[in-house]
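Open the model in your viewer and keep the selection tool at hand. This tour goes stop by stop, with something to select at each one.

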Amino acid sequence: MKGLVIKDIMCLRKQLTMFAYVMVGVIVVSVMYVLSAKFGNVSMAAKEMMLDNDMTMIDVKNLGSMALVIFMLLPIAVVGDMVNVFQADGKAGFHKVERSLPLSVKKCILAKYISVFALFGMGVFLDVLIAGVLSCLTDLLTFGEFLGVIFSAASLMSIYSVLVIFFHMILGYGKESYAQIFSLLTMGVAAFVFNLKKIWMFFTTDFSTGDMAGEINLWWMLDFIKEKAWMLVLIAVFVSVLSYLGSCLVAERKRGVN
């Protein structure tokens, strides 16, 4: 099983190269941004918007926080896309060889899940190091809020990745793009259903009245990923277990038919 994990990671070596470039870019751009938000043009623009009554202090801080959130999302988003692994396996015909390996179906599938979480673990570790530096340079986000953003991003990407594995097991090789689409649709529908009340409140709020409810509706997602990352972590664990069990069931049935 260790060899399968190494094989999967080697299939992602181009992504790992891109990940290295993204990490360097994120470090440089994010440091420049927080310094500008504190001393430079971004800080001056924020003050001008507040003087013109275009935005409140909360809006300005949340906009700045959102930019940092995007910076922290990039490394994790780059590192863990399993589609390239499946495409490489399909081109090499490895899915045929895999059936002859002296490993059970469950262990072969488990190797893919280990590969996903190993890569995300690396991304989280490096993101935490960046967060430690940025938290010393800015008051937009505390180190604890940075951690919330990082674990929220890792949880969401983990959910996406394990769903891709599950739908790939159902659809088979050559249909990886459909697995991606179904994964995103599943996540989108789930997010819509669980947040239907908040979405309804957002579209029915009259922002022109200056009602604070509108402000809360506008930034609730940002507050959620900063302060309640543990909920996304638990959801990611639950979805991962279901995805693994479902993938094993589908794979065993397909092997039995073939």
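Select H2 and H7. H2 passes H7 in a right-handed crossing. In this predicted model, the two helices pack at an angle of about 20°, and their axes are 10 Å apart. An angle under 35 degrees counts as roughly parallel, so H2 and H7 are roughly parallel to each other.

Now show the side chains between them. From H2, the contact takes Leu16, Phe19, Met23, Val26, Ile27, Ser30, Val31, Val34 and Lys38. From H7 come Leu119, Met122, Gly123, Leu126, Ile130, Leu134 and Leu137. Colour these by class: the contact of H2 with H7 divides into 13 nonpolar residues, two polar and one charged.

**Stop at Leu126**

Stay on H7 and pick Leu126, which lies in this helix. Is Leu126 buried or partly exposed? Its relative accessibility is 25%, so Leu126 counts as partly exposed. Which residues does Leu126 touch, leaving aside neighbours within four places in sequence? They are Phe19 and Met23. Both belong to the H2 side of the contact you just coloured.

Next, draw a distance from the C-alpha atom of Leu126 to that of Ile76. The viewer should span 9.5 Å. Along the chain, these two residues are 50 apart.

**On to Ile76**

Centre on Ile76. Leave out residues up to four places away in sequence, and select what Ile76 touches: Phe120, Gly123, Val124, Asp127, Ile150, Ala153, Ala154 and Met157. Gly123 has come up already, as part of the contact between H2 and H7.

Ile76 also has a place in the largest nonpolar core, which holds 51 residues. Ile76 is among the members that touch the most other members, along with Tyr33, Leu68, Met72, Ile109, Leu134 and Phe146. Select these seven together. Then highlight the helices that each supply at least two residues of this core: H2 (13-39), H4 (57-79), H5 (83-92), H7, H8, H11 (212-227) and H12 (229-257). Which helix gives the largest share? H8 does, with 14 residues. As background, nonpolar side chains tend to be buried together in soluble globular proteins.

**H7 against H8**

Keep H7 (residues 105-137) and add H8 (residues 143-171). Here the packing angle is about 160°, with the axes 10 Å apart. An angle over 145 degrees counts as roughly antiparallel, and that makes H7 roughly antiparallel to H8. H7 passes H8 in a right-handed crossing. The contact of H7 with H8 has 20 nonpolar, four polar and two charged residues.

Zoom in on Ser158, in helix H8. Ser158 has a relative accessible area of 5%, so it is buried. Not counting residues up to four places away in sequence, Ser158 touches Phe117 and Phe120. Phe120 is also touched by Ile76.

**H8 against H9**

Hide H7 and show H9 (residues 176-194) next to H8. Their axes come within 8 Å and cross at roughly 130°. H8 and H9 are therefore oblique to each other. This crossing is right-handed.

Select the H8 side of the contact: Leu156, Ile159, Tyr160, Leu163, Val164, Phe167, His168 and Leu171. Then add the H9 side: Glu176, Tyr178, Ala179, Gln180, Phe182, Ser183, Leu184, Thr186 and Met187. By class, the contact of H8 with H9 divides into 12 nonpolar residues, four polar and one charged.

**A look at Met231**

Move to helix H12, where Met231 lies. Met231 counts as partly exposed, because its relative accessibility is 29%. Draw a distance from the C-alpha atom of Met231 to that of Ser152: the separation is 8.6 Å. Along the chain they are 79 residues apart.

**Zoom out**

Show the whole chain as a cartoon. How many helices and strands does the chain have? There are 12 helices and zero strands. Of the 258 residues, 41% are buried. Finally, turn to contacts between residues at least 6 apart in sequence: 80% of them join residues at least 24 apart.

Terms used
Residues numbered from 1 in each chain as written. Predicted model: local features only at pLDDT ≥ 70, side-chain atom pairs only at ≥ 80, totals over all residues. Heavy atoms only, no water. Axes fitted to C-alpha atoms, helices over the stretch in contact; angles between N-to-C directions. Helix = DSSP H or I, 4+ residues; strand = E, 2+ residues; numbered from the N terminus. Parallel < 35°, antiparallel > 145°, perpendicular 65-115°, else oblique. Left-handed = near helix turned anticlockwise from the far one by under 90°. Nonpolar A, V, L, I, M, F, W, Y, C, P; charged D, E, K, R; others polar. Core = buried A, V, L, I, M, F, W, Y, C linked by side-chain atoms within 4.5 Å. Buried < 20%, exposed > 50% of the residue type's maximum accessible area, 1.4 Å probe, protein only. Contact = heavy atoms within 4.5 Å.
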